[in-house]
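Biologist: I'm new to this one. Could you put it up and walk me through it?

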Amino acid sequence: MPSTTIKQVDTRLVDIEPETLRTDASQTFVRQETILVTLETEDGLRGTGYSYTIGTGGSSVLALLRDHLAAGLVGRDARDIEGLWAGMLASTRATAFGVLTSLALAAVDTALWDLRCLRAGEPLWRLAGGAHDRLPVYDTEGGWLHLPTDALVENVGAAQARGLRGAKLKVGKPTAGEDAERLAAVRAAVGPAFELMVDANQSLTCAEAIRRARTYEPLDIAWFEEPMPAEDVAGHERLARATTVPVAVGESMYSAGHFAAYLRAGAAGVVQVDVARVGGITPWLKVAHAAEAFNVKVAPHFLMELHASLACAVPAGLYVEHIPQLGAITTSDLVIEDGQVVPPETPGLGIAWDEDAIADLRVA
């Protein structure tokens with residue numbers, strides 16, 4: 001039996017309170033359910049991966065792992081990442097592609113990549129490609145929808161003062177005028193060189209998205225994120241043709257095929273593939289390279305502790321989004337220098353887990 005054979009699979013569910021109130025046009029970030037998977041091989045090496053929800057479904061993901069996926073991993077060679085991913089997908093064919101299955105696959109797949117990098121003695125960003133040794137960071141934590149205009153101006157100004165390269169503001173107020181007033185105030189405060197992005201969190205119709213995009217154009221907005229439901233590929237294609245603001249999609253897409261449909265249609269100006277929601281690092285890299293083939297940049301959604309490495313791994317990497325996620329259960333911090341993130345050089349995913357904190361916050 002090879003020393004790389006998986007001999008044990010541990011699964012845990014941890015609840016983390018958001019560091020600040022987070023609201024958008026569709027939802028409030030209630031809590032972060034973090035699903036952890038640790039794989040141990042015959043030689044004693046242990047790799048840990050994770051995925052997340054923002055308030056519901058974590059126990060269902062855990063049940064899928066425990067009841068259907070974990071046993072099938074024992075006795076398999078941890079080096080066979082593509083084969084293991086494809087096998088897990090096939091074993092859950094009746095529920096794929098879908099949110100719960102993708103989240104479960106992601107937790108296992110990131111653990112397998114942790115093992116691969118640990119065994120090679122290399123950091124993830126280099127083993128997965130090594131395209132950039134740093135990338136610019138933009139802030140989202142100060143741009144939530146419930147905040148009044150003066151708070152937005154203050155928060156975005158603070159991000160600019162810290163040296164970050166941009167900030168994202170949530171849009172989707174009842175009227176286009178309210179959104180425009182908030183954005184105009186922030187743009188006036190930070191000047192033309194600081195990037196501003198907007199995010200509607202799938203809240204608009206195509207007609208309304210086109211209408212609002214026209215108010216964003218004079219403000220030189222870097223991208224218009226998730227304007228409509230992710231299923232509406234045709235609507236995003238119409239919007240992309242109607243505005244000069246790049247359309248950003250990917251946060252709520254759960255398969256490489258969904259991204260392919262957007263790229264073929266010319267409906268994605270920026271790809272925001274989320275490693276947890278697409279099913280792990282293995283499909284994440286496929287999406288990122290497909291985007292590169294279509295000359296589209298990648299600015300992944302959330303998960304900054306992992307996406308710092310992945311965005312730097314691929315040529316299409318554009319930005320890393322700053323929203324702290326794992327501070328309550330880790331002892332490592334991202335290094336940000338002159339507004340750019342420097343990916344971790346430590347072997348593995350570059351995340352140092354705080355096992356005592358995980359034990360305290362564990363719910364299953």
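Biologist: How many salt bridges does a search of the whole structure find?

Modeller: The search finds 23 salt bridges. A salt bridge here is a side-chain nitrogen of Lys or Arg within 4 Å of a carboxyl oxygen of Asp or Glu. Before going on: this is a predicted model, where local features need pLDDT of at least 70 and side-chain atom pairs count only at pLDDT 80 or more, while totals for chains, interfaces and linings use all residues. Residues are numbered from 1 along each chain as its sequence is written, and side-chain values use heavy atoms, with hydrogens and water left out.

Biologist: Which residue forms a salt bridge with aspartate 10?

Modeller: Arginine 46 does, with the closest N and O atoms 3.9 Å apart. Aspartate 10 sits in strand β1 (residues 6–16) and arginine 46 in strand β3, 36 residues apart, so the pair links distant parts of the chain.

Biologist: How are helices and strands assigned?

Modeller: They are DSSP runs, numbered from the N terminus: helices are H or I with at least four residues, strands are E with at least two.

Biologist: Back to that pair. What are the relative accessible areas of aspartate 10 and arginine 46?

Modeller: Aspartate 10 has 25% and is partly exposed; arginine 46 has 41% and is also partly exposed. Buried means under 20% relative accessible area, exposed over 50%, and partly exposed in between, using a 1.4 Å probe and protein chains only.

Biologist: Which residues are joined into one network by salt bridges that share partners?

Modeller: Lys7, Asp10, Glu40 and Arg46.

Biologist: Where are glutamate 345 and arginine 126, which pair up too?

Modeller: Glutamate 345 is in the loop between β13 (340–342) and α12 (355–361), and arginine 126 is in helix α4 (residues 124–127), 219 residues apart. Their side chains meet in a salt bridge at 3.6 Å, N to O. Glutamate 345 is partly exposed at 48%, and arginine 126 is partly exposed at 42%.

Biologist: And aspartate 139, is that one buried or exposed?

Modeller: Buried, at 6% relative accessibility. Aspartate 139 forms a salt bridge with arginine 162, the closest N and O atoms being 3.9 Å apart. Aspartate 139 lies in strand β4 (residues 135–139) and arginine 162 in the loop between α5 (149–161) and β5 (166–170), so the pair ties together parts 23 residues apart in sequence.

Biologist: Switching to cysteines. How many disulfides does the search find?

Modeller: Zero. A disulfide would need a pair of cysteine sulfur atoms within 2.5 Å. For cysteine 312, the nearest cysteine sulfur is that of cysteine 117, 14 Å away. Cysteine 312 counts as buried at 0% relative accessibility, and cysteine 206 counts as buried at 11%.

Biologist: Now pockets. How much space lies in the largest pocket?

Modeller: About 360 Å³. On a 1 Å grid over the protein atoms alone, a pocket is an open set of points where a 1.4 Å probe fits, with protein on both sides within 12 Å along at least five of seven lines; lining residues have an atom within 4 Å of a point. The volume is the space filled by probe spheres set on the points.

Biologist: Which residues lie nearest its centre?

Modeller: Gln27, Ile54, Ser252, Tyr254 and Arg277, out of 20 lining residues. α3 gives the largest share of the lining, three residues.

Biologist: And what of the second largest pocket, which residues lie nearest its centre?

Modeller: Met304, Glu305, Ser332, Asp333 and Leu334, among 16 lining residues. That second largest pocket holds about 220 Å³ of space.
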